[in-house]
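Colleague: Could you take a close look at one part of this model for me? I'd like to hear about the charged side-chain pairs.

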Amino acid sequence: CSHIIPNFTQQQKNMISKLSFSSLGKYLAPIIVGLIVFAIGAPEGLSSGAWIFVSIFAALVVGLILEPMPPAFIGMIAITLAVLFRVGMPVVEKAGKIVPTTAAQAINWGLSGFSNAIVWLIFAAFMIGIGYQNSGLGRRIALFLVQKLGKSSLGLGYAIAITDLILAPFIPSNAARSGGTIYPIVSSICPMFDSYPDKNPRRIGSYLCWISLATTCVSSTLFLTGQAPNPLAVELAAKSGVSTVNWTSWFLAVAPVGIILFLITPILTYYLCSPEVKGSPEIAEWAKEEFHKLGAMSKSEIAMAIISLIALTLWIGSSTFGVNPTTTALVVIILMVLFKIITWNDFLANKPAWNVLTWFATLVPMAAGLKNVGFLDWLAKSAGSYLVGLDVTMATLGMLIAFCVLRYFFASGTAYVTAMVGLFAALALQIPGADASQIMIILLLPMGIMGILTPYGTGHSPVWFASGYVKGPEFWKLGAIFGIIYLVIFIVIGIPWIEFILPKLI
């Protein structure tokens, strides 16, 4: 650099200085934020250990937003700090005294995310994508879609959305639905337009990936069985003394908002994450010719198609067959290897899959730690004392916004529901003159769409984030924009509709 920089103009030198300062700022920002939060001191009701964990988590969130280094490595740093300080673990009491956490217990907690079923389902989704690529089935399906709808990039977006909508009522795992079924197709379409994560991502890849993510969030809200946390939330609310709705009532209560969001999401993405390729007759014609060149399906394609049907059947009927979606995904991997669709070396060499496994496995215990240290209980009690003094409308809006914003702190929809539904049900019961059932329905219905806020907020998010087409800062920005738009539409249209139709449903 010392030989090159002297030959630069002063303007170029200034640009280099700004870039260096910017990069340094990204590294320092998480540390500074963590230290500031720690320096504020633990509020009344939280221990010093709990506040250390909150400080680490705050630094983690800032690091994931700015991405000074790979997200998985940031997660590893955060979980290692928590283990070293022995904070974030479940509190164990014996004879009225807190039992200190041992080093073995701390590391076992820190590594617990690697035994999480959703983490392995996401990992398996990447392997299934390799199977679609190696067998050629992904290319065949992609060419079929492109020849039918390739005249318009917007048409391709709606094709992806419709596919997800059809599967949503039957596959309660959005990670299996979007990551296992939609992802392999989209990852096969993008290269046809010379769009790759590291080359021309905005050509069409980022557009299709964001549509895939966003429409799955919408379909996860539209149906009670659209994502696993939905029925769990209904059950937890009932156990907390607040009855809600069944499958049909859920759909009717959210249908106006869900249908509107489904229709506008591809259009919003088309303008906010605009593809450079708008589609053309030439591309559709080329896809038609290429599709005919493929001829009859090969043995690998047929095997992959059969394996996919087996997986789809087991995913749809997971409760009937008693097979967990993650178990199904592992069965698919085994069958792909046995039928020589992928090799064991393909399995070992899939770096994106191993990267997302490490990343998400560190976030799961970090998110659970907020509940373990009592931070969420403290937050709910603090908010509750304020909400009780508000009228019903303002209290409901305040709870809805808080319920949605808290999604930033969770790397799992199931963990989010487990930690928060009971607390917010208790808050709803505390508001004088309020219909607790109506408040809880208003809170629970948008859970799916709020999964769009972060690259770790719901099962399928890490799949699309790790694809690399939408980079970290852009991912967070789009998540915030879509989250605000979705929430505003839900408040303006959804809440009045729920207040109107709810008496007819319960």
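Colleague: How many salt bridges does the structure hold?

Modeller: Keep in mind that this is a predicted model. The structure holds four salt bridges, and I'll walk you through some of them.

Let's start with E301 and R140, whose closest N and O atoms sit 2.5 Å apart. E301 belongs to helix α13 (residues 299-316) and R140 to helix α6 (residues 137-149), so this pair ties together parts that are 161 residues apart in sequence. As for solvent, both E301 and R140 are buried.

Next up is E290, which pairs with K293, with 3.2 Å between the closest N and O atoms. Here the two partners share a helix: E290 and K293 are three residues apart in α12 (residues 281-294), so about one helical turn separates them. Their surroundings are worth a look too. E290 is buried, at a relative accessible area of 15%, because the cut-off for buried is under 20%. K293, on the other hand, is exposed, with a relative accessible area of 63%. So this bridge joins a buried glutamate to an exposed lysine.

Then there's K199 with D194, where the side chains meet at 3.4 Å, N to O. That still makes a salt bridge, because the cut-off is within 4 Å. K199 is partly exposed, with 42% relative accessible area, and D194 also counts as partly exposed, at 31%.

Key. Residues numbered from 1 in each chain as written. Predicted model: local features only at pLDDT ≥ 70, side-chain atom pairs only at ≥ 80, totals over all residues. Heavy atoms only, no water. Helix = DSSP H or I, 4+ residues; strand = E, 2+ residues; numbered from the N terminus. Buried < 20%, exposed > 50% of the residue type's maximum accessible area, 1.4 Å probe, protein only.
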